[in-house]
Amino acid sequence: ATCILDTFSLLYVHTSASSSYAFVHRHLSSLIGQYPFSGRREPAELKIEVIWGRAYLALVDTSGKAFGKCDNEGAMILRNGSIVSYDSAWAAHPEPCSDWIVKEGHMEYAWALAEGFAKAAMIDAVRVDVFLHPGHPELAVINECSLSSGAMYKWHFHLMAQLWAEGHRRQEYTVADAGVPMQKISNGKDWYAKTFARCRRDILHPDLYNRYCA
């Protein structure tokens, strides 16, 4: 099953056998009309790895007919805002094609969504995929989540594994029992805006802020 999240109901988690893209496409269309996600166009996507509640990196996925498509696929955005891509020999080099993601301010919203999901799910490691809307960073929306990833993180693979394993070796965590299966966990529709984001305008969609914080 795939984890699907409606940003305005974050974080009410449920499973679905239907297409996650179709679900998010309908959601975005209801908010902003058909432009620019019309026809066969797809939104750019970030695959964000969250370890112990902290987003480590975001892999840029502009495959298919996505907006912001680059010649070199698989560039990664790190927490300092740098964007790096790797050639066939795993040598790193900058990837200016994806600069728009950082310059337009998308990462503040995307990092927050991914970390908010991980915190609500009370999970040690998870990949959270976030769709981006060019020119409108506040319209970032979670597409799906994954407990394992087929994405290629190059030299970051072993570092991510070490961070995850170190937390378990040191037992620097608290085991939580929600009392219900994960797909039935609901923190309430105001949890993300009020409890996690603490009503920060710089990471909240205006509708979320006005609904729960104003």
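This report describes the fold of a predicted protein model.

## Overall make-up

The protein has 214 residues, of which 47% count as buried. Its secondary structure comes to 6 helices and 9 strands. The accessible surface is about 11000 Å². Carbon and sulfur atoms account for 52% of that surface.

Contacts reach far along the chain. Among those between residues at least 6 apart in sequence, 58% join residues at least 24 apart.

## Confidence

Mean pLDDT is 81 for the protein. A value of 70 or more is reached by 79% of the residues.

Two stretches stay under 50. One is residues 1-19, for which the model has 65 contacts beyond four places in sequence. The other is residues 32-40, with 20 contacts beyond four places in sequence. Where pLDDT is low, the predicted coordinates should not be read in detail.

## The sheet

An open sheet is built from 7 strands. The order is β7-β6-β5-β4-β3-β8-β9, and the pairing is antiparallel. Strands β7 (92-94) and β9 (141-146) stand at the edges. Each has a single partner strand, so one side of each is left without a neighbour in the sheet. On average, neighbouring strands are turned by 30° against each other, direction ignored.

At the β7 edge, the partner is β6 (residues 83-86). The two run antiparallel and are joined by 3 bridges. Here S85 stands opposite H93 in β7.

## Helices on the sheet

Helix α3 (residues 106-121) packs on the sheet. It touches β3 (44-51), β4 (54-61), β5 (76-78), β8 (125-132) and β9. The direction of α3 makes about 50° with that of β3.

Helix α4 (residues 156-170) also packs on the sheet. Its contacts are with β3, β4, β5, β6 and β8. The direction of α4 makes about 150° with that of β4.

## A closer look at α3

Helix α3 is mostly covered, with 14 of its 16 residues buried. Its length can be checked against the expected rise. At 1.5 Å a residue, the 16 residues of α3 should span 22 Å. The end C-alpha atoms of α3 are 23 Å apart, which agrees.

Just after α3 comes M122, which takes a positive phi of about 55°.

Terms used:
Residues numbered from 1 in each chain as written. Predicted model: local features only at pLDDT ≥ 70, side-chain atom pairs only at ≥ 80, totals over all residues. Heavy atoms only, no water. Pairing = 2+ DSSP bridges. Helix = DSSP H or I, 4+ residues; strand = E, 2+ residues; numbered from the N terminus. Axes fitted to C-alpha atoms, helices over the stretch in contact; angles between N-to-C directions. Contact = heavy atoms within 4.5 Å. Buried < 20%, exposed > 50% of the residue type's maximum accessible area, 1.4 Å probe, protein only. Areas by Shrake-Rupley, 256 points an atom, 1.4 Å probe, with all protein chains shown as cover. pLDDT = per-residue confidence, 0-100. Expected span 1.5 Å × (residues − 1).
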